Amino acid sequence: MSKASEGATPGFLVWRLSTKWRVAVDRAVTPLGLTHAQYALVASLYGMQRSGLRPSQRRLADHTGLEPLYVSKLARTLETAGLLERMRDPHDPRAVQLALTDQGREVTQRAIKVVHGLLQQLLEPLGGLDSPRTREFTRDLAILLDAPLDPFAMNSESDKEQS
């Protein structure tokens, strides 16, 4: 454990790890013309399309955890770059569906390989990508992601205590 991590709170460590990961992915996918956020969008879209889905911007936002407005902005940028297509949903004229272009699929496949290599490096201290420790870590992360966070819950709890 590094000196900076000694005595650190879990929140601080999660923030540091997410920042470390974001910076590493940004550097790795920049030569492919992507940012980390764009990678998250195209890689998620790639996986959804492989499952036979043609998601709306809203569904992709829900899947990635990105704000819908940000997904819309990213999608427009990626469309301009020729990596994805945006089209109206024939069943809901308010919704916009997304699909990777041929060029988008090719760039995404290359980016996924690069990021997978980074993931291997990151998880090496836990025994690698397929280790029992990594599976346990992944389960713990999923539990934390499913836990509701309400920044105003603390205020209402302390208000109740003061009453």
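Q: How many salt bridges does a search of the whole structure find?
A: The model is predicted, and for that reason local features need pLDDT of at least 70 and side-chain atom pairs count only at pLDDT 80 or more, while totals for chains, interfaces and linings use all residues. Residues are numbered from 1 along each chain as its sequence is written, and side-chain values use heavy atoms, with hydrogens and water left out. With a salt bridge taken as a side-chain nitrogen of Lys or Arg within 4 Å of a carboxyl oxygen of Asp or Glu, the number found in the whole structure is 5.

Q: Which residue forms a salt bridge with Arg58?
A: The closest N and O atoms of this pair are 4.0 Å apart, and both residues are exposed, where exposed means over 50% relative accessible area, buried under 20% and partly exposed in between (1.4 Å probe, protein chains only). Helices (H or I, at least four residues) and strands (E, at least two) are DSSP runs numbered from the N terminus. Because the two residues are 4 apart in helix H3, about one helical turn separates them, and the partner of Arg58 is Asp62.

Q: How far apart are the closest N and O atoms in the salt bridge of Asp92 with Arg94?
A: The two ends of this pair are covered to unequal degrees, since Asp92 counts as partly exposed at 24% relative accessibility, whereas Arg94 is exposed, with a relative accessible area of 72%. The closest N and O atoms of Asp92 and Arg94 are separated by 3.3 Å.

Q: What is the N to O distance where the side chains of Arg110 and Glu106 meet in a salt bridge?
A: Both residues lie in helix H5, 4 residues apart, which corresponds to about one turn of the helix. Arg110 is partly exposed at 42% relative accessibility, and Glu106 is partly exposed with a relative accessible area of 35%. From N to O, the side chains of Arg110 and Glu106 meet at 3.2 Å.

Q: Which element gives the largest share of the nonpolar core?
A: A nonpolar core is a set of buried Ala, Val, Leu, Ile, Met, Phe, Trp, Tyr and Cys residues joined through side-chain atoms within 4.5 Å, and the largest one here has 28 residues, with Val29, Leu34, Tyr39, Leu41, Leu78, Leu84 and Leu98 having the most contacts inside it. Two or more residues come from each of helix H1 (10-29), helix H2 (36-50), helix H3 (57-64), helix H4 (68-80), strand E2 (92-100) and helix H5 (102-123). In soluble globular proteins, nonpolar side chains tend to be buried together. The largest share of this core, 8 residues, comes from H2.

Q: Which residues are in contact with Val29, leaving aside its neighbours within four places in sequence?
A: Val29 is one of the residues with the most contacts inside the largest nonpolar core. Contact here means heavy atoms within 4.5 Å, and outside its sequence neighbourhood Val29 is in contact with Leu34, Thr35, His36, Tyr39, Ala111 and Val115.

Q: How far apart in space, C-alpha to C-alpha, are Gln57 and Leu98?
A: Gln57 lies in helix H3 and counts as buried at 12% relative accessibility. Not counting residues up to four places away in sequence, Gln57 touches Val71, Ser72, Ala75, Arg86, Val96 and Leu98. Although Gln57 and Leu98 are 41 residues apart in sequence, their C-alpha atoms are separated by 6.5 Å.

Q: Which residues does Arg105 touch, not counting residues up to four places away in sequence?
A: Arg105 is found in helix H5 and is partly exposed, with a relative accessible area of 29%. Its C-alpha is 7.5 Å from that of Leu83, 22 residues apart in sequence. Beyond its sequence neighbours, Arg105 touches Tyr46, Gln49 and Leu100.

Q: Which pattern does the protein chain follow, read along the sequence?
A: The protein chain contains 7 helices and 2 strands, and its C-alpha trace spans about 50 × 45 × 25 Å along its principal axes. Among contacts with a separation of 6 or more, 45% join residues 24 or more positions apart. Read along the sequence, the pattern of the elements is α-α-α-α-β-β-α-α-α.

Q: What percentage of the 163 residues of the protein chain count as buried?
A: The protein chain exposes about 11,300 Å², of which carbon and sulfur atoms supply 56%, with accessible areas coming from the Shrake-Rupley method with a 1.4 Å probe and, for residues, only the protein chains shown counting as cover. Of the 163 residues, the part that counts as buried is 29%.
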